[in-house]
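Here's a quick tour of one model, with a look at a couple of helices, a surface patch and some backbone angles. Have the structure open while you read.

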Amino acid sequence: MSERLFGILTESFPKILMACIQVTIPLTLLVFSIGLILGFFLALVQVANVPVLRRAARVYVWLFRGTPLLVQLYIVFFGLPSIGITLDAFPSALIAFSLNNAAYTSETVRAALLSVPQGQTEAGYMVGLSYGQIMRRIVIPQAARVAFPTLSNSLISLTKDTSLAAAITVVELFKTAQQVAAVYFEPFALYCEAALVYLMLNTLLTLLQSFLEKKINPTSAKKTRRSLIQIGKEKNHA
């Protein structure tokens, strides 16, 4: 490596890292949070099997899973101004990513909810719980354990997908690397440096995922039975 190239990489690394901290990470966390809330609502609608809402949710999932994320970004940022709706680059990315992420998250959550044995729901009714109480105290805690690994993988993938925001001028990690590469004409080295920052970030997320998975007991049947027994006792005393 030449002295010039080493100097470029040394100078550009703080800029790329700062773009990751200031834009990429906040965008990822906001999108994941919004997508999780919307996805959870869509999953509940489908599990509750309300005919009209269930069909609407299925159409939503079909639409956003069946079209490219880049196209969705272009529609929001470049397409909406043609009908009088103009948004800045970051809000446009936030909206497009969140709507897309919600479609995938809803399928993960729906599958996790359906994985809880029906017998536990029936047991909940037998001890006098309402539907809302059964979901809150029995179904959702177990479903969360099942969904956690997949949702964690989605978060890791999302950190990489945010690089697409560069296409609509969001100055995130990859866009910053592009700007520096345009100045110094060293695209290979600078894009490799950007890839290294992504790798560092996702390695930390992977380690955090592994740590949390060890803390979460995936086999919660015993806990659920104890919970139902305790609820039954509480009902009897009442």
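Helix α7, in this predicted model, runs over residues 173–184. Its twelve residues reach 17 Å from the first C-alpha to the last, close to the 16 Å expected at 1.5 Å a residue. Which of its residues are buried? They are L173, T176, A177, V180 and A181. Those residues cover an arc of only 135° around the axis, which puts them on the same side of α7. The general rule behind this sort of pattern is simple: an α-helix has 3.6 residues a turn, so residues three or four places apart point the same way. As for what covers the buried residues of α7, the list includes α1 (3–48) and α8 (187–215).

Now for α3, which spans residues 69–79. Here L69, Q72, L73, V76 and F77 are buried. Looking down the axis of α3, you'd find its buried residues within an arc of 115°, so they line one face of the helix. And what do they pack against? The buried residues of α3 sit against α2 (51–65), α4 (89–114) and α6 (131–161).

F78 belongs to α3 as well, but it isn't counted as buried: with a relative accessible area of 44%, F78 is partly exposed. It also takes part in a nonpolar patch on the surface, together with L70, Y74 and L164. Between them, the four offer about 340 Å² of accessible area.

The loops on either side of α7 are worth a stop too. T169 lies in the loop between α6 and α7, while F185 is found in the loop between α7 and α8. What sign does phi have in T169, a residue that is not a glycine? It is positive, at about 75°. F185 is not glycine either, and its phi is positive too, near 55°. For context, most residues other than glycine have a negative phi.

Are these two loop residues buried or exposed? T169 is partly exposed, at 43% relative accessible area. F185 counts as exposed because its relative accessibility is 67%, and the cut-off for that label is over 50%.

Here are the two loop residues side by side:

| Residue | Phi | Relative accessible area |
|---|---|---|
| T169 | about 75° | 43%, partly exposed |
| F185 | near 55° | 67%, exposed |

Terms used: Residues numbered from 1 in each chain as written. Predicted model: local features only at pLDDT ≥ 70, side-chain atom pairs only at ≥ 80, totals over all residues. Heavy atoms only, no water. Patch = residues over 30% accessible without salt bridge, like charges linked within 9 Å, V, L, I, M, F, W, Y side chains within 5 Å. Areas by Shrake-Rupley, 256 points an atom, 1.4 Å probe, with all protein chains shown as cover. Salt bridge = Lys/Arg side-chain N within 4 Å of Asp/Glu carboxyl O. Helix = DSSP H or I, 4+ residues; strand = E, 2+ residues; numbered from the N terminus. Buried < 20%, exposed > 50% of the residue type's maximum accessible area, 1.4 Å probe, protein only. Arc of directions from axis to C-beta. Contact = heavy atoms within 4.5 Å. Expected span 1.5 Å × (residues − 1).
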